[in-house]
Protein chains: 2
Amino acid sequence: MQPSPMASGRRRQLIKATLTAIHQYGMADATIARIARLAGVSSGIISHYFGDKAGLMEATMRYLLQQLGEAVAERRRRIPPEDIAGHVDAIIDGNFDSSQTNVAAMRAWLEFWAASMHQPALRRLQRVNERRLYANLCHQFRQVLPADQARDAAQSVAALIDGLWLRGALTPEGIDIEACRRLARDNARAWLEGHAPRTTET
Amino acid sequence: MQPSPMASGRRRQLIKATLTAIHQYGMADATIARIARLAGVSSGIISHYFGDKAGLMEATMRYLLQQLGEAVAERRRRIPPEDIAGHVDAIIDGNFDSSQTNVAAMRAWLEFWAASMHQPALRRLQRVNERRLYANLCHQFRQVLPADQARDAAQSVAALIDGLWLRGALTPEGIDIEACRRLARDNARAWLEGHAPRTTET
DNA sequence: ATAGTTTGATTGATCGTTCAATCAGGGTTG
DNA sequence: CAACCCTGATTGAACGATCAATCAAACTAT
């Protein structure tokens, strides 16, 4: 047992226990004691690795954020730069990656969204995510649409993705991921093909 | 001070204080003591009118739900039955009514969404809202679209509304309500006018 | 006087944090 | 190789703070 790998292993183990606890009990009732019990360790160990509970929550959200970023990046790597629609689809599909669309992850996201309204550290992470999604979409749309339409398209598709996610978190029996993907892709396709939802007319 | 009018007045007063407390501190830190202090009354009074804290939260969410329903219903009352697009627009505009789009209300909604994942009473209220929005939209779309397209349209517009709402709650400086309304209306218009985001092609 | 309302101190429970103690392993020294 | 120390990991009990709920007493209006 080396010190460093052990440490990062414990961290990951505690983060996963945190996700499980949030899924089972909700963030409000995801107590240190419960998280530690789920991980099979003592409660004191958490402050040793994360400082305090807020540190653990921030690390957990950062973990989700990183997974989401990788899911998108990996899909885009396979798309040639000139294939605009391909990149847009990759962004959409990445956001509905299986790592993000299981019930535990979606519920955790919703809890973090709510918590970010009153915790600066979480808010910063959430803004990174929001801006990244918007910027990625906007950059693609801008290559085939005028700037104002590109902004509208990005706003629209980003909000649609978030809305579908939200409904996924709130639906106990889970949602049809394939249907979500299709709705988002078709919406993006409509923008790309020009017969967008009515050109801006102030 | 009459007994019955007094009672309902106190209830409303405490519900508004709850909304303020949720806005200022977040649901997790919206304690009984704080809510009572915001309302200028003693802490014990809450259990007298709402039983316990959960009862107060449920009443608060029900209050928001009712306001939203009225905002939509009132706008639809002015639209003739045959004006499909008018009804759809009324539903959208009602969901972006000023009673719902101030920062306090939007944040409260997000908190309630998160809480509803683990509190059956709140979950029931949230489902009522979700189904009502979807059913209203679907009923309109069905009059000009085949059933499967109507379902897609309703899902899409409902998710878009929720997503725009979500972003409104998470954006500290607030959002451009008019822009949200426009995006949602244009999206609905596209579905209604048939050049929908690609007819289902399964 | 009686029923409804309001207070605010008290209670009991819960939670996050702290910390002294223990443990395991690796490096150092003689 | 053996005795030693050192570092980081881990435990679990103890502490202090906080909060929701309770309730007896005070207040108000009819």
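Me: What makes A:Pro120, A:Arg124, A:Arg131 and A:Ala135 of H8(A) count as exposed?

Reply: This is a predicted model, and the call comes from counting neighbours: a residue is exposed if 12 or fewer other C-beta atoms lie within 10 Å of its own. Those four residues are classed that way, on the other side of H8(A).

Me: How do you know which residues of H8(A) are buried?

Reply: Buried takes 20 or more other C-beta atoms within 10 Å. In H8(A) that label goes to A:Leu122, A:Gln126, A:Leu133, A:Asn136, A:Leu137, A:Gln140 and A:Phe141. Looking down the axis of H8(A), they fall within an arc of 145°, so they line one face of the helix. Their cover includes H4, H5, H7, H9 and H10 of chain A, together with H9 of chain B.

Me: How do you know what span to expect for H8(A)?

Reply: Multiply 1.5 Å by one less than the number of residues. H8(A), residues 120-141, has 22 residues, and its 31 Å from first C-alpha to last is close to the expected 32 Å.

Me: Why is the relation between chains A and B called a two-fold axis?

Reply: Chain B can be laid on chain A by a turn of 180° with a shift of 0.0 Å along the axis, at an RMSD of 0.0 Å. Therefore the relation is that of a two-fold axis. In chain B, the C-alpha nearest the axis belongs to B:Gly163, 1.9 Å away.

Me: What makes the surface the same in both copies?

Reply: 100% of the contact residues of chain B recur in chain A. The contact involves 33 residues of chain B and 33 of chain A, and H9(B) gives the largest share of chain B's side, 13 residues.

Notes
Residues numbered from 1 in each chain as written. Chains lettered and ligands numbered in written order. Predicted model: local features only at pLDDT ≥ 70, side-chain atom pairs only at ≥ 80, totals over all residues. Helix = DSSP H or I, 4+ residues; strand = E, 2+ residues; numbered from the N terminus. Arc of directions from axis to C-beta. Contact = placed C-beta atoms within 7 Å. Least-squares fit on C-alpha atoms with pLDDT ≥ 70 in both.
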